[in-house]
Structures are given as C-alpha cells and as structure tokens.
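Me: I'd like to go through this one and ask how each label was earned. Can you start with the wording, then work through the calls?

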Amino acid sequence: MSDSLERLYLAVLAARDLDPATSRTARLFQRGPSKMAKKLAEEAIEVVIDAVNGDAEAVVRESADLLYNLTVLWASAGVRPEDVWREMSRREDMLGIAEKLPKSSMKLPKVASPRISARRPIVALEGRAARKRH
Ligand SMILES: N=c1c2ncn([C@@H]3O[C@H](COP(=O)(O)OP(=O)(O)OP(=O)(O)O)[C@@H](O)[C@H]3O)c2ncn1[C@@H]1O[C@H](COP(=O)(O)O)[C@@H](O)[C@H]1O
C-alpha cells in the first residue's frame with residue numbers, strides 16, 4: 001500500500017505545475033489548502049456514509065478518492081509519505097513495547113511534526129449537489 005501511495009504522491013507533485021485547465025491536481029493547488037481540505041473532508045464523509053449503508057464497493061471507490069485528496073493535502077502542507085510512515089513505525093514500536101506492560105502504563109507521547117501547526121482552522125464543507133457516479 002505504501003508503494004502505491006508514494007507513486008500517487010509523486011504523480012501529484014508532478015501534476016502540481018501543470019495547466020489547471022487540464023489537471024485537477026494543478027487546479028487544487030491553484031485554489032489552495034482550504035479547497036483541498038474541503039475536498040478531503042467531503043471524500044471522508046462519502047466513505048463514512050457508504051460504510052454505514054453497507055456498500056463495500058462504494059467504500060473502495062471513495063477510499064481511493066480520499067487517498068488521492070489526502071496526498072494532495074500532504075504535498076501542499078510539505079508532508080512527505082515517509083514522514084507519515086515514520087510516525088506509524090514509531091507507534092508500532094511503542095505499542096510493541098506497551099503490549100508487554102500493564103495497560104495503565106500504556107501512553108503514546110505526542111510528537112507533532114515541526115512543519116505542521118498545532119492549531120488549524122475549521123473549514124466549512126461545501127454542499128454537494130449530487131452524488132458522483134463512477
Ligand atoms: N489518483 C488520482 C485521483 N483519484 C481520484 N481523482 C479524481 O478525484 C475525483 C474525486 O474528487 P471530486 O469529488 O472532487 O470529483 P467530482 O465530484 O467528480 O468533481 P470536481 O468538482 O472535483 O470536478 C474523482 O472522481 C477523480 O476524478 C483523481 N485525480 C487524479 N489522480 C491522479 O493524480 C495524478 C495527476 O492527475 P491530474 O490531476 O489529472 O493532473 C494522476 O496520476 C492521476 O491518476
């Protein structure tokens with residue numbers, strides 16, 4: 001999975017300076033992080049709705065859209081996939097240690113990337129006129 005996300009991330013970086021008239025990715029970069037965040041949140045909500053409705057095929061499709069929009073936001077925020085993998089490995093290591101300890105002593109120290117600000121504005125979701133057809 002990490003391989004395909006890394007390929008997608010590189011494709012997003014490569015598309016960022018293309019013509020916004022022909023590239024969705026370039027268009028998102030032109031519109032900025034707020035638009036990207038809205039797109040990501042919309043896709044997340046679609047995944048949630050499809051999962052609650054028990055539509056596994058739609059969950060798969062919307063998850064692919066969600067991951068695409070996530071990589072766009074990572075690229076915009078200066079976050080690289082390996083930054084995320086490192087944090088995941090750190091948690092895995094911590095939990096590996098924690099499994100050997102009593103539950104009460106299991107605590108994950110919070111590590112925030114220095115490039116990510118602690119407080120983020122809350123963005124309003126755009127209304128979606130119609131559900132997408134794939
Ligand atoms: N992996 C993706 C990818 N996954 C999903 N999507 C698009 O994102 C859409 C979902 O987002 P939206 O909800 O915004 O789509 P929408 O409702 O149809 O319409 P819009 O309002 O955005 O036009 C999907 O329907 C896809 O068209 C993607 N668009 C681009 N990529 C890859 O990104 C790279 C750059 O592509 P361009 O952006 O076309 O240059 C290429 O490698 C592409 O394969």
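Reply: Sure. Ala, Val, Leu, Ile, Met, Phe, Trp, Tyr, Cys and Pro count as nonpolar, Asp, Glu, Lys and Arg as charged, and the others, Gly among them, as polar. Bear in mind that this is a predicted model.

Me: How do the residues of the shell around the ligand divide into nonpolar, polar and charged?

Reply: Sorted that way, the shell has four nonpolar, two polar and six charged residues. Ser-23, Arg-24, Thr-25, Lys-39 and Glu-43 come nearest to the ligand, out of 12 residues around it.

Me: What makes the pairing of Thr-25 with the ligand a polar contact?

Reply: The cut-off is 3.5 Å between N or O atoms. An N or O atom in the Thr-25 side chain sits 2.5 Å from a ligand oxygen, so the pair qualifies. For Arg-24, the side-chain N or O atom is 2.6 Å from an oxygen of the ligand. Overall, the protein covers 59% of the 830 Å² of accessible area that the ligand has on its own.

Me: Which helix gives the largest share of the shell?

Reply: That's α1, with three residues.

Me: Why is Asn-69 called buried?

Reply: Buried means under 20% relative accessible area. Asn-69 has 6% relative accessibility, so it counts as buried. Asn-69 lies in helix α4, residues 56-77.

Me: What is Asn-69 in contact with, leaving aside its neighbours within four places in sequence?

Reply: Leu-28, Lys-39, Leu-40 and Glu-43. Also, a polar atom of the Asn-69 side chain lies 2.9 Å from the backbone oxygen of Asp-65.

Conventions:
Residues numbered from 1 in each chain as written. Predicted model: local features only at pLDDT ≥ 70, side-chain atom pairs only at ≥ 80, totals over all residues. Heavy atoms only, no water. Helix = DSSP H or I, 4+ residues; strand = E, 2+ residues; numbered from the N terminus. Buried < 20%, exposed > 50% of the residue type's maximum accessible area, 1.4 Å probe, protein only. Contact = heavy atoms within 4.5 Å. Polar contact = N/O pair within 3.5 Å; in protein donor to acceptor, adjacent residues only side chain to side chain. Near = heavy atom within 4 Å. Areas by Shrake-Rupley, 256 points an atom, 1.4 Å probe, with all protein chains shown as cover.
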